[in-house]
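Colleague: I am new to this model and would be grateful for a close look at one small part of it. Please choose a single place and explain what surrounds it, step by step.

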Amino acid sequence: MSSTELPFVPPANVLPRVTPVGVEEGERLRSVELPGITLSVRSRPPAREGLPPALYVHGLGGSSRNWSALMPLLDGLVDGEAVDLPGFGDSPPPDDGDYSVTGHARAVIRLLDASGRGAVHLMGNSLGGAVTTRVAALRPDLVRTLTLVSPALPELRVQRTALPTGLLAVPGVTALFTRLTREWTAEQRVRGVMALCYGDPGRVTDEGFRNAVEEMERRLQLPYFWDAMSRSARGIVDAYTLGGQHSLWRQAERVLAPTLLIYGGRDQLVGFRMARRAARAFRDSRLLTLPDAGHVAMMEYPETVATAFRELLVDTGELEAGSMKEPGADAGAGGDGGARTGVERVDRARGTGTGAPGAGAVGGASRPETGGGASFGASTGG
């Protein structure tokens, strides 16, 4: 057994009735059965035929709904789908109980191979960032571009605020935590998660908070919820310790796809200081730093992220400059109106920026939307 694999745990045969998974306006869910796994996939009808495909991958404890704020902003650019990783969202546990980064990457690869959609614009947040990095390194034929939001790449000095997430990987801690928090309401749990993962939790709308509470209540009814959390956390810790060709940093260096990296200055789970190292590791990288963002920039600053992705497509020649209006141009008051992001190109060999001076400032996005209807669920990052 490799160091990225965990012992077999048979899936639950009988699952309780739980509240249906939330679906935003214009979204649809479908279930995809693959060898050893069944995956729930969230999508929106493409704006037109012939758009290039995209796939979004969430972080630890999250779900495909974490991308609901961003997806409609990219309707005219890509034909997007968001996957629930095994054991999260509406996807049941994997048959083999493998929640390692490699196991999750294998699930994504199986989905992409089975879809027949060809190479995709691949996006990942946190754990999803580690998973998609591994996918891009192992299967470059499946990836057109790679966008990573606060990717969970190994850090030697982990922030103190990230330690509780890492402790989930320790045997027995999850059971202890469950006992100690037995009296916590779903509202209390969600507020704690949002305080950890948002740069400014006050930006979350009332609707977004209600959706998150409903999702938390649903997940707590699932018998495999804490097992999926703890084993996936263990998978991240395990991936951090791997060296040689299996190291995530070594695999980042092997990624051929043009890569957009997005880091938040208020991220309590992934160190902001890792932004420059990541930009040097990926051979064809662009870096966007958002000083006021936390761990989930695609939920806090969806229009800014959409604009940065559009600029990535222009930069790589997949989209003509000025061929379409900026994402979110019709968003109304409170959005950033598609202002330029200040994405910075980084010279891998020299580790120096080649973009506009001042890259990393939010600029005109001082009051970006927060994806009001999107549910944060139980995500703890990582």
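Modeller: I shall call a residue buried when its relative accessible area is under 20%, exposed when it is over 50%, and partly exposed in between, using a 1.4 Å probe on the protein chains only. Serine 150, with a relative accessibility of 1%, therefore counts as buried, and this residue is the place I have chosen. The model is predicted, so that local features need a pLDDT of at least 70 and side-chain atom pairs a pLDDT of 80 or more, while totals for chains, interfaces and linings use all residues. Residues are numbered from 1 along each chain as its sequence is written, and side-chain values rest on heavy atoms, with hydrogens and water left out.

A few words on the whole protein come first. There are 11 helices and 10 strands; these are DSSP runs numbered from the N terminus, helices being H or I over at least four residues and strands E over at least two. The protein has 382 residues, of which 56% count as buried. Among the contacts (heavy atoms within 4.5 Å) with a separation of 6 or more, 77% are between residues 24 or more positions apart.

Serine 150 is placed in the loop between β6 and α3, the latter covering residues 163-167. Its phi is positive, about 45°, although it is not a glycine. As a general matter, most residues other than glycine have a negative phi. Setting aside its neighbours within four places in sequence, serine 150 is in contact with Asn125, Ser126, Ile262, Gly264, Asp267, Val270, Gly294 and His295. The C-alpha atom of one of these partners, isoleucine 262, is 6.1 Å from that of serine 150, although 112 residues separate the two along the chain.

Several of these names lead into the strands, where two strands are said to pair if DSSP finds at least two bridges between them. Strand β6 (residues 143-149) has 6 of its 7 residues buried and is therefore largely enclosed by the rest of the structure. With strand β7 (residues 259-264), β6 pairs in the parallel sense over 4 bridges. Valine 149 of β6 has isoleucine 262 in β7 as a bridge partner, and isoleucine 262 is also among the contacts of serine 150.

β6 is also joined to β5 by 6 bridges, again in a parallel arrangement. Here histidine 121 has threonine 145 in β6 as its bridge partner. The chain passes from β5 through helix α2 (residues 127-138) to β6, making a right-handed β-α-β crossover; right-handed means that, with the strands pointing away from the viewer, the path from the first strand over the helix to the second runs clockwise.

β5 (residues 120-125) has 6 of its 6 residues buried, so that this strand too is largely enclosed by the rest of the structure. The burial applies to both faces of β5: Val120, Leu122 and Gly124 are buried on one side, and His121, Met123 and Asn125 on the other. Strand β3 (residues 53-57) runs parallel to β5, and 4 bridges join the two. Leucine 55 has leucine 122 of β5 as its bridge partner.

Ser126, another contact of serine 150, lies in the loop between β5 and α2. Serine 126 likewise has a positive phi, about 60°, without being a glycine. Its relative accessible area is 0%, which is why serine 126 counts as buried.

For the setting, other strands may be added. Strand β2 (residues 37-43) is largely enclosed by the rest of the structure, because 6 of its 7 residues are buried. Strand β1 (residues 28-34) pairs with β2 in the antiparallel sense over 7 bridges, and glutamate 33 has threonine 38 in β2 as its bridge partner. The hairpin of β1 and β2 has 2 residues between the strands, and in it glycine 36 takes a positive phi near 85°. β2 also pairs with strand β4 (residues 79-84), in the antiparallel sense over 4 bridges. In that pairing, valine 41 has valine 83 of β4 as its bridge partner.

To return to the chosen place, serine 150 is a buried residue in the loop between β6 and α3, and its contacts include Asn125, Ser126 and Ile262.
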